[in-house]
Amino acid sequence: MTRPHLKVEKNLKIDGVDTTELAKKHDTPLYVTSGDRIKQKYRKLKQALQNHYPKIRLHYACKANTNINILKILEQEGCHIDAVSTGEIYSALKAGYSPEKILYTGTSVSNQELKYAADKGVMINLDSAHEMRRLSEITSTKVSFRVNPGVGAGHHDHCITGGKESKFGIWEDDIIDTYKEAIDLGLTPIGIHMHIGSGILEVEKFRPAVQKMMELVGKITNEVDIDLEFIDIGGGLGIPYKPNEKPLNIDKFAEMVTKEYKKGLKQHNLNQPILALEPGRYLVGDSSILLTKVNDIKENPFHRYIGIDAGFNTLQRPAMYGSHHGVVNASNPKNAGNYIKNAPKEGVDRKAEIAGPLCESGDIIAQNREITAKAGDILAILDTGAYGYSMASRYNSRPLPAEILIENGETKLIRERETHRDLLSKQKTN
Ligand SMILES: Cc1ncc(COP(=O)(O)O)c(C=O)c1O
Ligand SMILES: N[C@@H](CCCC[NH3+])C(=O)O
């Protein structure tokens with residue numbers, strides 16, 4: 001269990017702050033994030049990699065959580081950014097990242113978007129030869145290429161981004177010709193990139209991809225005659241969501257990746273390019289909880305339902321991927337022991353389905369859970385820092401929730417709750 005910022009006393013606390021008090025003060029649904037936990041994760045990963053290789057660069061994949069306050073925390077730590085859209089470039093610049101620290105990796109992007117990225121001076125990582133040709137008509141600049149290394153992995157089919165079925169990147173067999181053409185077009189290739197998928201918990205799943213990457217780097221250096229400044233092996237580092245899942249062993253991960261990397265450098269007689277990684281989920285996933293109120297309880301011969309005020313409008317992952325998130329009754333955490341260290345672990349008379357407020361049968365946040373609750377209790381949905389708020393919507397005309405950040409012992413509101421008025425804000429009402 002890797003949630004040291006969560007403790008059970010009388011109620012559930014996050015970094016020492018009573019979650020039920022937060023819910024009372026700010027209402028629910030409410031995302032609450034531990035900034036200190038994000039810093040811990042960043043430092044741990046960076047150090048683990050630097051123990052083996054000095055030139056490490058971490059790009060936070062900010063699609064996981066784009067709140068500007070979280071971007072700022074990682075900027076202060078010295079982190080770089082992986083941006084996937086012009087909106088993410090805009091937010092990262094506003095958060096204080098200098099353009100050189102932003103790597104823009106789009107897919108199916110327009111010329112307008114390419115021009116925006118070029119004008120802002122961020123590094124552009126190209127997803128296809130066609131995109132390269134379109135960029136070369138806009139500007140001559142430094143670029144890198146996303147390669148599909150032929151292998152992928154991930155917690156769900158939708159989250160596998162390498163291999164034959166993936167839409168991303170340039171197929172490995174075409175990569176040499178693409179680098180050659182880039183030079184002919186007046187572009188300056190300085191890097192290579194891959195990202196094989198998301199939510200990977202086994203070190204060995206990354207090995208074939210890193211090996212393939214180093215083989216390609218060798219070919220590019222020899223056949224195209226360029227020295228790459230950086231090699232970016234993407235993100236994908238998973239976190240455990242289920243009680244029986246083991247965390248990715250970061251020290252072993254760092255040891256394996258740097259070993260294969262250095263082996264490749266030596267084999268192909270290369271200098272010391274920067275080794276870049278793009279973690280999203282690993283940095284922010286377990287830093288947040290989503291607080292939600294119990295509205296309604298009902299039973300039928302088949303199920304007990306605990307009806308809460310957060311649905312897949314607030315947290316999409318269970319409905320979209322069948323993802324598991326731990327749920328703890330923050331007001332009465334007597335069954336929290338599966339998820340939080342040293343917490344009590346009492347049995348229940350009947351397991352429950354935790355259901356959201358949307359008019360959709362698939363709006364179930366958690367199934368078959370050992371949890372008891374009564375109306376008015378506050379539940380905490382765990383590990384919602386990555387792809388939680390960033391994938392939330394206003395479906396069923398439910399305004400987006402508020403967000404709280406706790407950092408250095410200070411609690412602050414970092415996003416106001418939307419109101420009904422916000423639902424109409426861009427609509428023509430007359
Ligand atoms: C290009 C790129 N880099 C990094 C990531 C981060 O993924 P994760 O949150 O799994 O680390 C993603 C998302 O899958 C991505 O598309
Ligand atoms: N949205 C996915 C991760 C996708 C990462 C982006 N390619 C999730 O919640 O697990």
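Here is a short tour of the two domains, the contact between them and the two ligands, in a model that is predicted.

**Stop 1: the domains.** Start by colouring the protein in two parts. Select 6-34 together with 285-423 and you have domain 1; select 36-281 and you have domain 2. If you place a marker at the C-alpha centre of each domain, the two markers sit 32 Å apart.

**Stop 2: where the domains touch.** Now show the contact. Domain 1 puts 24 residues into it, and domain 2 puts in 20. On the domain 1 side, pick out the strands β4 (30-34), β20 (402-407) and β21 (410-415), the elements that each supply two or more residues there. Among these, β20 gives the most, with three residues. Try colouring this side of domain 1 by class: you should get seven nonpolar, 11 polar and six charged residues.

**Stop 3: ligand 2.** Next, click on ligand 2 and bring up its surroundings: K63, C159, T161, S198, G199, R317, Y321 and Y387. That shell splits into three nonpolar, three polar and two charged residues. Where does ligand 2 lie relative to domain 1 and domain 2? Keep your domain colours on and look at the shell: both domains give residues to it, so ligand 2 lies between them.

**Stop 4: ligand 1.** Finish at ligand 1, which has 18 residues around it. Select A61, S198, G235, G280 and R281 to see the ones that come nearest. S198 should ring a bell, as it also belongs to the surroundings of ligand 2. Colour the shell of ligand 1 by class and you will find nine polar, six nonpolar and three charged residues.

Notes: Residues numbered from 1 in each chain as written. Chains lettered and ligands numbered in written order. Predicted model: local features only at pLDDT ≥ 70, side-chain atom pairs only at ≥ 80, totals over all residues. Near = placed C-beta within 6 Å. Nonpolar A, V, L, I, M, F, W, Y, C, P; charged D, E, K, R; others polar. Domains from an automatic or database assignment. Contact = placed C-beta atoms within 7 Å. Helix = DSSP H or I, 4+ residues; strand = E, 2+ residues; numbered from the N terminus.
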